[in-house]
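Student: I have a protein model open on my screen and would like to learn how to read it. Could we go through it together?

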Amino acid sequence: MNVENQLAGLKNTSQSALLFEQALEVIASGVNSTARTPRSGWSPYPLFVHHGTGSRIFDVDGNEFIDYLLGLGPMLLGHRHEQATNAVIRFIRERGTVFALPVADEIELARKLISAVPSVEQMHLTNSGTEAVLYALRLARAYTRRKKIIRFEGMYHGFSDSVYWSKHPPLETAGPDSNPVPVPQGPGMPSGIENSLIILPWNDCEALDRTIRERGDEIAAVLTEPMMCNTGCILPEPGYLELMRKLTQQSEIVLIFDEVITGFRIALGGAQQYYGVTPDLTVMAKGFGGGFPVAAVGGKKAIMQLVAEGTVSMAGTYSGNGIAVSAANATLDFLMTPGIYQKLFATSGRLMRGIAEQLDSVGLHARVVGVGPLFQVWFTNSAIRNYRDAARYARKDLFRIWWEQMMKRGVLFHPDAFENLFVSFAHTEEDVERTLDAVKNALPEVKRRMG
Ligand SMILES: Cc1ncc(COP(=O)(O)O)c(C=O)c1O
């Protein structure tokens, strides 16, 4: 991509601006998800996309970007992947979409998920990660006959009333570091939910151990992302997931891994395969749908049996619909191709190392943190182990400058430092080299503005 042309192109984002003005009239906030609002970083207005193909997206003004936003995760195979797209078109043309009756393809999909993800002995489809989390919690409460859920500050588990708490709370209202209080995402939550939540700092073995020792017999589940991917990218410290597994097992608490982001991305079997820690229940979405809306909860048969017995009802008009099932079957076929993750890790490893080298070479206090195709750049010198570290020390202002400089050079990712960069199977060596060229040209401006 010619950088000068791209810079010139970006001066002409008038179609996006115009469309956003029109959208504001008829769509509350102008976009259909909070993560696309100016408040979330897309200021003064989000780019309106015309189309995507492979590793690239094109906005309505004709600007082309190497895409590391990837729809916030689902486009793991790249945009309009042939296998997934054709499977969906064929299914719709030849068979239909929704029947309120099962199709045989659901069994095929369940078998693939069970063979791919270590913890999954049985599963159930849903349409979104939010729904799957909601069901995982219901299953855990029904199974243990306990009420409370441990949930970690800085994580996001969807927008249901039961867990849309303490994602990024203002520190003034969030209580002490070692003993945070539940903070709702906003008004409108039914009262009393806070009594069912225990909010803990992540990567804190002592806090987890103390809480489970003192209150283990009230706790139904520990709900966690195995890597924290909704406050930038924070890795579990060595031994932390293992301790979580040990403590939950000892107190008969259901351990739930929310692998909506990590699943099928950092390994076919997700973070549980990568780290070798097997939870009781797993929430899956994004990565296995090839860009189509599908999600699932799965895990130990003993827990999933509550659905079979009719103790826990799992409903959903669109659950297991033909679009979702055909897309997921085709996507998993692709993901099960031998050697494919080595290639993904080679491409993304080159990118992560290249960015890290350039950060070093300009002397910026910054580092790249992540695993393979999932990472973030932290602009800080300080250690970041949990949400509070990130809230206190991450230089969001520098991230913003980097984001602007990269976008001007045709490289797109989410403008919020608490999101991630995603690499797809469609990204090429050439994409990486172009991205690193952009990094090289962008960083001096970040350094200049560092103050
Ligand atoms: C870790 C995690 N869990 C759950 C969700 C909710 O998934 P969905 O947007 O499909 O409802 C998300 C969404 O980004 C997520 O990152």
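Student: Let me begin with the ligand. Which residues surround the ligand?

Tutor: Good place to begin, and keep in mind that this is a predicted model. The ligand is surrounded by Ser128, Gly129, Thr130, Tyr156, His157, Gly158, Glu225, Asn230, Asp258, Val260, Ile261 and Lys286.

Student: Which atom of the ligand is 2.6 Å from an N or O atom in the side chain of Thr130?

Tutor: For Thr130, the ligand atom is an oxygen. Asp258 also has a side-chain N or O atom at 2.6 Å from the ligand, and there the ligand atom is a nitrogen. With Tyr156, look at the backbone: one of its polar backbone atoms is 3.4 Å from a ligand nitrogen.

Student: Now the whole chain. Into which domains is the protein chain divided?

Tutor: Domain 1 covers 3-80 + 340-449, and domain 2 covers 82-335. Notice that domain 1 is written as two stretches of the chain. Taken over C-alpha atoms, the centres of the two domains are separated by 26 Å. Their contact takes 33 residues from domain 1 and 43 residues from domain 2.

Student: How do I read the size of that interface?

Tutor: Here is the general idea: interface size is often given as the accessible area lost when the parts come together. In this model, domain 1 and domain 2 bury about 3,100 Å² between them, and 61% of that is on carbon and sulfur atoms. Arg385, Tyr387 and Arg388 supply 24% of the area that domain 1 buries against domain 2, more than any other three residues.

Student: How many salt bridges are there between domain 1 and domain 2?

Tutor: The count is four between the two domains, while the structure as a whole holds 22 salt bridges. Try finding the side chains of Arg388 and Glu153, which meet in a salt bridge with an N to O distance of 2.8 Å. This pair links distant parts of the chain: Arg388 is in helix α12, and Glu153 is in the loop between β5 (148-152) and β6 (197-200), 235 residues apart. Across the domain interface there are also 17 residue pairs in polar contact.

Student: Which elements give two or more residues to the side of domain 1 that touches domain 2?

Tutor: They are α11 (340-361), β11 (367-371), β12 (374-378) and α12 (387-393). The largest share, five residues, comes from α12. Sorted by class, this side of domain 1 has 23 nonpolar, five polar and five charged residues.

Student: Finally, what should I look for in the backbone?

Tutor: As a general guide, most residues other than glycine have a negative phi, and most peptide bonds are trans. Now look at the peptide bond from Ser43 to Pro44, which is cis, with omega near 5°. You will find Pro44 in the loop between α2 (14-26) and β1 (49-53).

Student: And what is phi of Ser166 near?

Tutor: Phi of Ser166 is near 55°, a positive value in a residue other than glycine. Ser166 is in the loop between β5 and β6, and Glu153 is found in the loop between β5 and β6 too.

Methods:
Residues numbered from 1 in each chain as written. Predicted model: local features only at pLDDT ≥ 70, side-chain atom pairs only at ≥ 80, totals over all residues. Heavy atoms only, no water. Domains from an automatic or database assignment. Contact = heavy atoms within 4.5 Å. Buried area = accessible area lost by both parts, 1.4 Å probe. Polar contact = N/O pair within 3.5 Å; in protein donor to acceptor, adjacent residues only side chain to side chain. Helix = DSSP H or I, 4+ residues; strand = E, 2+ residues; numbered from the N terminus. Nonpolar A, V, L, I, M, F, W, Y, C, P; charged D, E, K, R; others polar. Near = heavy atom within 4 Å.
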